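Student: I'd love a close look at a single part of this model. Could you pick one strand, follow it to what lies around it, and tell me what you see?

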Amino acid sequence: MQLPKHVEHCLQALERASFPAYAVGGWVRDRLLGRTPQDVDLCTTAAPDQIQAVFQAYPLVLSGVKHGTVGVVLPEGVVEITTFRREGDYSDSRHPDRVWFVEDLHQDLSRRDFTVNAMAFSPTRGLHDPFGGRQDLDHRILRTVGDPEKRFREDPLRILRGVRFAVKYGLTPEEGTFQAMMALAPLMERLARERVFQELCQILPLVTAGDMARFAPVLTQPIPELGATVGFDQRSPHHAYDLYTHISHVVAATPPKLTLRWAALLHDVGKVPTFTQDSTGRGHFYGHAQASAAMAEKILRRLKAPNQLAEPVITLICQHMTPLAPDRTLLRRRLSQLGAPMVEDLLCLQQADMLSKGTGDPAEGAVFPQIRALLDRLAAEDGCLSRKDLAVDGHDLLALGFPAGKALGTCLERLLAQVVDEELPNEKAALLSAAEKMLKEMT
Ligand code: ATP
Ligand code: MG
């Protein structure tokens with residue numbers, strides 16, 4: 001259990017001032033699992049003003065002082081040091097009514113959410129593990145510290161954190177913890193949407209289809225539109241799975257990239273409101289891609305997702321039913337319309353969608369390597385697919401006698417379309433003569 005040098009330096013500084021100090025929480029858990037921890041949190045008996053005094057020679061981050069946290073700014077990064085705390089009641093299920101600074105490590109560990117997160121370690125004082133976190137880790141068990149119902153009622157975010165830890169570390173919630181997670185999932189309603197969104201973003205890249213199934217009541221709670229897909233019978237010969245199970249497989253089959261995972265999660269939510277049955281009883285979902293995209297926009301806005309994420313997600317969902325094909329011209333058109341990174345993501349989504357129907361026809365998947373090979377070839381050619389690559393620009397057309405305004409833009413678009421379709425070479429002379437023709441037609 002080797003701490004980074006600069007962190008050990010902080011621990012020693014506190015100990016020299018006779019404040020017992022420990023690394024705590026995620027760092028201890030990750031080290032015991034043999035994983036690389038993200039960061040180290042320290043805890044100590046020193047009160048915030050005492051921590052500040054010990055580290056007075058350093059720049060300090062004091063935004064968390066009210067909750068007992070002082071950040072010490074070192075060249076290697078910021079080390080967060082928090083005074084041992086005990087928390088009061090959670091009358092609003094969001095924030096403890098008050099926190100007390102305490103002398104006792106055990107009390108600090110007992111406020112923590114799960115046994116695997118409630119361990120402390122110091123090079124001189126060893127491992128403190130009053131709730132059996134190490135054994136739970138060895139057995140891959142997720143268990144709350146204390147009564148699960150009480151702990152989830154105090155802070156329902158712990159339910160979603162529990163899903164994250166289970167998924168990330170392959171833990172199985174102990175029976176009481178699991179039952180409370182399922183039963184109390186509706187309490188997540190009270191949480192700030194940003195916090196829910198953040199947790200979902202951490203969970204989504206890690207989930208398997210099995211995780212999506214076992215934690216469905218928790219994962220669908222913040223997204224009722226997704227909840228409506230659970231058990232939804234598609235009545236289609238193409239689909240062996242109910243809608244939620246299909247969605248779960250698509251999510252798991254996409255690369256673990258956030259935009260793709262969100263697009264996969266929401267790509268078919270519009271199937272529920274667009275569902276119709278024909279005279280044979282077969283289900284149809286006309287216009288569901290557009291319906292899903294509109295619903296995704298609302299869902300992501302509700303969750304306060306940044307536009308930077310929402311926009312590509314909505315585009316992917318909107319496009320998911322328009323198949324990419326191993327055809328040079330069609331592919332060049334999609335590249336020109338969407339850009340190469342979006343086409344790459346769309347291909348992943350369409351492939352995952354195709355492979356997740358549960359009807360198992362591997363021949364259907366043969367088209368994807370062909371499309372990938374053609375995309376590689378087109379990328380290597382580095383041809384003109386956008387206005388900025390066109391061998392003429394607005395100035396050239398003005399010089400030809402085009403009036404400034406809409407006609408000029410339309411002409412450039414038409415020239416680009418012909419270059420994309422390889423009806424015209426991307427050469428200045430050829431483009432100018434085509435433009436001249438257009439000008440004549442106009443006047
Ligand atoms: P990560 O590796 O994702 O940072 P972490 O365990 O360090 O995981 P943090 O959110 O950084 O998680 O929190 C640090 C520690 O604080 C946790 O290990 C846990 O002991 C405690 N903790 C955090 N959030 C809560 C909560 N909502 N309820 C109780 N304890 C919590
Ligand atoms: Mg952490």
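**From a strand to the ligand**

Tutor: Happy to! Strand β1 (residues 21-24) pairs with strand β2 (residues 41-44) in the antiparallel sense, over four bridges. Please keep in mind as we go that this is a predicted model. To find one pair in that ladder, look at Tyr22, whose bridge partner in β2 is Cys43. β1 also pairs with strand β8 (residues 120-122), again in the antiparallel sense, over two bridges. There, Val24 stands opposite Ala120 of β8. β1 is covered on both of its faces. Ala21 and Ala23 are buried on one side, and Tyr22 and Val24 are buried on the other.

Now let's turn to ligand 1. The numbering helps you here: β1 spans residues 21-24, and Gly25 and Gly26 are among the residues that surround the ligand. The shell also includes Asp41, and β2 is made of residues 41-44. The other members are Arg29, Arg111, Arg112, Asp113, Asn117, Asp155, Arg158, Arg161 and Arg164. Sorted by class, this shell holds nine charged residues, three polar ones and no nonpolar ones.

Two helices deserve your attention, α2 (26-32) and α7 (157-169), since each supplies at least two residues of the shell. The biggest share comes from α7, which gives three residues.

Next, zoom in on individual atoms. The side chain of Arg158 has an N or O atom 2.7 Å from a nitrogen atom of ligand 1. Asp155 places a polar side-chain atom 2.8 Å from a nitrogen atom of the ligand. With Gly26 it is the backbone that takes part: one of its N or O atoms lies 3.4 Å from an oxygen atom of ligand 1. As for the ligand's cover, it has 580 Å² of accessible area on its own, and the protein covers 79% of that.

One shell residue is worth a pause: Arg111. You will find Arg111 in the loop between α4 (105-110) and β8, and β8 is one of the strands paired with β1. Arg111 counts as buried because its relative accessible area is 15%, and buried means under 20%. Leaving aside residues up to four places away in sequence, Arg111 touches Arg85, Glu87, Arg151 and Arg158. Arg158 is also part of the ligand shell.

For some context beyond the ligand, take strand β4 (residues 69-74). Five of the six residues in β4 are buried. β4 pairs with strand β3 (residues 60-61) in the antiparallel sense over two bridges, and Leu60 has Val72 as its bridge partner. On β4 there is also antiparallel pairing with strand β5 (residues 77-83), over six bridges. Val70 stands opposite Ile81 in that pairing. β4 and β5 form a hairpin, and two residues lie between them.

Finally, α7 leads us to another helix, α9 (residues 193-203). The buried residues of α9 are Arg193, Val196, Phe197, Glu199, Leu200, Cys201 and Ile203. Their cover includes α7 along with α11 (216-220), α14 (258-266), α16 (288-302) and α17 (307-319). That gives α7 two roles to look for on your screen: α7 gives the most to the shell around ligand 1, and α7 is among the elements covering the buried residues of α9.

Key
Residues are numbered from 1 along each chain as its sequence is written. Chains are lettered from A and ligands numbered from 1 in the order in which they are written. This is a predicted model: local features need pLDDT of at least 70, side-chain atom pairs count only at pLDDT 80 or more; totals for chains, interfaces and linings use all residues. Side-chain values use heavy atoms; hydrogens and water are left out. A residue is near a molecule or strand if one of its heavy atoms lies within 4 Å of it. A polar contact is a pair of N or O atoms within 3.5 Å; within protein, one must be able to donate a hydrogen and the other to accept it, and residues adjacent in sequence count only if both atoms are side-chain atoms. Accessible areas come from the Shrake-Rupley method with a 1.4 Å probe; for residues, only the protein chains shown count as cover. Ala, Val, Leu, Ile, Met, Phe, Trp, Tyr, Cys and Pro count as nonpolar, Asp, Glu, Lys and Arg as charged, and the others, Gly among them, as polar. Buried means under 20% relative accessible area, exposed over 50%, partly exposed in between (1.4 Å probe, protein chains only). Two strands pair if DSSP finds at least two bridges between them. Contact means heavy atoms within 4.5 Å.
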